Amino acid sequence: DTDLGETEEKDVLGGKKFTVPSGVYPATIDVAYFDVSKSSKAKSLTIVYHVEEEGKDEPTEIRHQVWYTNKLGLTKYKDKKTGEERYLPGFVELNNLAQMTTNKELKELTTRVAHVEVWDSEAKKRLPQEKYTLPELVGKKVQLGIKEIRANKTKYDKEADTTTPLA
């Protein structure tokens with residue numbers, strides 16, 4: 001007998017929760033590694049935090065990727081209203097983090113090549129890859145203000161049976 005009864009088809013968000021509720025949390029920097037866009041010269045720094053949640057024995061891993069250069073690889077842009085050169089917001093965020101945790105500017109921090117677990121889209125899992133890291137940030141304690149947002153990043157088309165990214 002293959003009768004499954006009546007079922008309703010619906011589009012739902014994934015079941016596993018990878019976020020933490022909104023709030024301020026103590027966190028420790030586990031690793032910070034550099035990456036480059038596959039389609040331009042834009043550069044990012046991904047910071048892996050271990051966030052302490054009340055009532056949990058193990059910290060939650062939060063990865064925060066900050067793009068600190070534009071597609072040309074520049075950290076500055078020209079303000080359209082004033083004509084002044086300004087640093088990109090991502091660069092300012094990372095420079096502030098460096099100053100608060102090490103008392104140094106971002107450009108003063110030393111880099112070291114290390115193997116870091118990074119998402120591999122072909123293997124569909126994290127694999128060790130060689131990346132430039134900022135070892136002076138490792139182990140630094142910070143307070144993170146986190147806002148939990150759960151939203152669809154894709155849209156399902158029933159007729160074509162495909163999923164496409166939302167703009």
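In the predicted model, Asp 120 touches Lys 125, Leu 127 and Gln 129, when residues up to four places away in sequence are not counted. Asp 120 itself belongs to strand S6, which covers residues 112–120. With a relative accessible area of 21%, Asp 120 is classed as partly exposed, because a residue counts as buried under 20% and as exposed over 50%, with the partly exposed class in between.

The surroundings of Asp 120 can be followed through the pairing of its strand. Strand S6 pairs with strand S7, made up of residues 125–133, in the antiparallel sense, and nine bridges are found between the two. Within this pairing, Ala 114 stands opposite Lys 131 in S7. The two strands S6 and S7 form a hairpin with four residues between them. Lys 124 is placed in the loop between S6 and S7, and its phi is positive, at about 60°, although Lys 124 is not a glycine. At 61% relative accessibility, Lys 124 counts as exposed.

A positive phi is also found at Asn 103, where the angle is near 60° in a residue other than glycine. Asn 103 is located in the loop between helix H1, residues 89–102, and strand S6. Its relative accessible area is 72%, so Asn 103 is exposed.

Attention now turns to the strands that come earlier in the sequence. Strand S1, residues 23–36, runs antiparallel to S2, and nine bridges join the two. The connection between S1 and S2 is a hairpin of six residues, and Val 36 stands opposite Lys 43 in S2. Strand S2, which spans residues 43–51, is mostly covered, since seven of its nine residues are buried. Strand S2 also pairs with strand S3, residues 60–67, over eight bridges and again in the antiparallel sense; in this second pairing, Leu 45 stands opposite Val 66 in S3. As general background, the side chains of a regular strand alternate between the two faces of the sheet.

The loop between S2 and S3 is where Glu 53 is placed. Although Glu 53 counts among the charged residues, its relative accessible area is 11%, and Glu 53 is therefore buried. If neighbours within four places in sequence are left aside, Glu 53 is in contact with Val 20, Pro 21, Tyr 25 and Thr 60.

A search of the whole structure for aromatic pairs finds two of them. In one pair, the rings of Phe 34 and Tyr 68 have their centres 6.0 Å apart and their planes at 70°, so the arrangement is edge-to-face. Because Phe 34 lies in strand S1 and Tyr 68 in the loop between S3 and strand S4 (76–78), this pair ties together parts that are 34 residues apart in sequence. Both partners are buried: Phe 34 has a relative accessible area of 19%, and Tyr 68 has a relative accessibility of 11%. The other pair is formed by Tyr 87 and Phe 91 and is stacked, with 4.6 Å from centre to centre and 20° between the planes. In this pair the two residues fall into separate classes of exposure, for Tyr 87 counts as partly exposed at 39% relative accessibility, whereas Phe 91 is buried, with a relative accessible area of 14%.

Several of the strands described above also take part in a pocket. In general terms, rolling a probe the size of a water molecule over the atoms shows where empty space is left. The second largest pocket has a volume of about 400 Å³. Its lining consists of 17 residues, of which Tyr 33, Asp 35, Gln 65, Val 118 and Trp 119 lie nearest its centre. The elements that give two or more residues to this lining are S1, S3, S6 and S7, and S3 gives the most, with four residues. By chemical type, the lining of the second largest pocket divides into five nonpolar, six polar and six charged residues.

Terms used. Residues are numbered from 1 along each chain as its sequence is written. This is a predicted model: local features need pLDDT of at least 70, side-chain atom pairs count only at pLDDT 80 or more; totals for chains, interfaces and linings use all residues. Side-chain values use heavy atoms; hydrogens and water are left out. Buried means under 20% relative accessible area, exposed over 50%, partly exposed in between (1.4 Å probe, protein chains only). Two strands pair if DSSP finds at least two bridges between them. Contact means heavy atoms within 4.5 Å. Rings of Phe, Tyr and Trp (its six-membered ring) pair if their centres lie within 6.5 Å; planes under 30 degrees apart count as stacked, over 60 as edge-to-face and the rest as tilted. On a 1 Å grid over the protein atoms alone, a cavity is a set of points where a 1.4 Å probe fits but cannot get out, and a pocket is an open set with protein on both sides within 12 Å along at least five of seven lines; lining residues have an atom within 4 Å of a point. Grid points are joined across faces, edges and corners, and a volume is the space filled by probe spheres set on the points.
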